[in-house]
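Colleague: I am new to reading protein models and would love some company while I look at one. Could you walk me through a single part of it slowly?

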Amino acid sequence: MKYFGTDGFRGEASVTLTAEHAYKVGRFLGAFFKKDDHRPRIVIGKDTRISGYMLENALVAGLTASGSDAYEMYVTTTPSISYMVRRKGFDCGIMISASHNPYFDNGIKIIDGKGFKLSPDIEEQIERYIDEGLPELPYATRDQIGKAYDYSRGKETYTDYLEALVREAIEENGGERDTMTPFSGRTVALDLSNGSAYRLAVQVFEDLGAQVIARNREPNGTNINRNCGSTHIETLQELVYDTGANVGFAYDGDADRCLAVDDEGKVIDGDHILYLCARYMRKHDRLKDDTVVTTVMSNIGLYRAFDDLGIRYEQTQVGDKYVSENMMKNDFSIGGEQSGHIIFKEHAVTGDGILTSLMIMLAWLDAEAPLSELTEDLKIYPQLLKNVKVADKEAALRDADVIEAADAVSDGLGNRGRLLLRESGTEPLIRVMVEAETDELCRENVDRIVDVLHAKGHAVD
């Protein structure tokens, strides 16, 4: 598709994603959900990017012009929009965010009435309306024109839910901790990435009794993700080390993913999270069919650790939407990505960074051991990923010399490692990833593929 990728409509604000685009998206959605006398209700959130104001107002204008009502939650997280759609029966939700991208990018994520990402066939219809103005959509008139509402209270509904599920889990597990403030006595460091979670995460952890040390919580519209958050985990490592916190959590711009740092300053990535949470859930009979859903990016070491525990696993394409589809189809309990998109089906249908950090806390408290000890049996293979910007992703992957080099690398690694060569779903990048027994082997084999991409003229500066 021209505009929509694996994570909605994303582009540089006012360049490839304009206010006009947002207005037309609003016009289409406002009309699409208007059936007979039904007056659609659509909830909207945004992250802290400066362009969010522009896109938010354009979307609201389009929705109300088509006769739908817009409920604005303002700065909030993507998973909170998904939750509120399901909880309050909105026709759909819209999140204005470009996740981990730099501030000058932005995006429009559309969430259907069940809390999932919008289906591709509807996205194709939106694209046709943007480019061709088809179908022609009437304007609402007189008392049929939509209204816009301040729906800030939706954030409180969401945080109340998160806090309640923690207290209920403590009680159901037979824990002796105070269920009102179960995190009392624990020091938690938070890197809020100057993004969507900059208030919500602090509130949740403080309400649950934790002592919170928060950084990167002063968004100014242009500092989201800048040298902070889950894409710069070293910032959180330094914070945990300097403060002696028991654990640290870092979120991305819209807080649908989370990475952690343990008490020794080691990174707890998505594979570690799947490992420790799956063990915790199985202990309490919450791991359906003893199965975890992963993507092809998960480390070989995770699969070997699951084999030792007798936990089964499935693999999907990269992308939380594919993990979610597998989980919903098979009713599996947990799945996720190495990047920190983790889905806990009992509580959510999409990745939720704050929820993920709370589940890690529950697994840690339940084990009554330092967090650093809970992943000792998980041996992660060295892994190297390089992103190569290319002019044409499909042409690069079809190139016979690139294919030949990839086959040679795979054959050379055998069962001692693996190569993953794929295109990005949201950026003009080819991702080259190698796992092997040593860092040197990873580097040699990744560079072998990257050199071919450059030599054949696919790579661009």
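Which elements do the buried residues of α2 pack against?

Modeller: Happy to help! Please keep in mind that this is a predicted model. The buried residues of α2 pack against one helix, α1 (19–32), and against the strands β3 (41–46), β4 (69–75), β5 (92–96), β6 (105–111) and β7 (148–150).

Let's look at the helix itself. Helix α2 covers residues 52–65, and at 1.5 Å a residue its 14 residues should span 20 Å. The C-alpha atoms at its two ends are 20 Å apart, so the model agrees with that expectation.

Now for its surroundings. Of the 14 residues in α2, 10 are buried, so the helix is largely enclosed by the rest of the structure. "Buried" here means under 20% relative accessible area. If you want to find these residues on your screen, start with Gly-52, then go to Leu-55 and Glu-56. After those come Ala-58, Leu-59 and Val-60, and then Gly-62, Leu-63, Thr-64 and Ala-65, which are buried as well. Beyond the end of the helix you will meet Gly-67, which follows α2 and has a positive phi, near 95°.

Once you are comfortable there, try another region for practice. An open sheet of three strands has the order β17-β19-β18, and its pairing is antiparallel. At the edges sit β17 (383–389) and β18 (418–423), each of which pairs on one side only. From one strand to the next, the twist averages 15°.

You can follow one of these pairings in detail. Six bridges join β18 to β19 (residues 429–435) in the antiparallel sense, and Leu-421 stands opposite Val-432 of β19. Helices join the picture too. Helix α13 (residues 400–413) lies across β18 and β19 and runs at about 155° to β18. Helix α14 (residues 439–455) also packs on the sheet, where it touches β17, β18 and β19, and its direction makes about 155° with that of β19.

Finally, a word on cysteines. With a disulfide taken as two cysteine sulfur atoms within 2.5 Å, the count comes to zero. Take Cys-277: the closest cysteine sulfur to its own belongs to Cys-258 and is 9.5 Å away, which is too far for a bond. Cys-277 is buried, because its relative accessible area is 0%. Cys-442 is buried too, with a relative accessible area of 1%.

Methods. Residues are numbered from 1 along each chain as its sequence is written. This is a predicted model: local features need pLDDT of at least 70, side-chain atom pairs count only at pLDDT 80 or more; totals for chains, interfaces and linings use all residues. Side-chain values use heavy atoms; hydrogens and water are left out. Two strands pair if DSSP finds at least two bridges between them. Helices (H or I, at least four residues) and strands (E, at least two) are DSSP runs, numbered from the N terminus. Axes are lines fitted to C-alpha atoms, for helices over the stretch in contact, and angles run from 0 to 180 degrees between N-to-C directions. Contact means heavy atoms within 4.5 Å. The expected span of a helix is 1.5 Å times one less than its number of residues. Buried means under 20% relative accessible area, exposed over 50%, partly exposed in between (1.4 Å probe, protein chains only).
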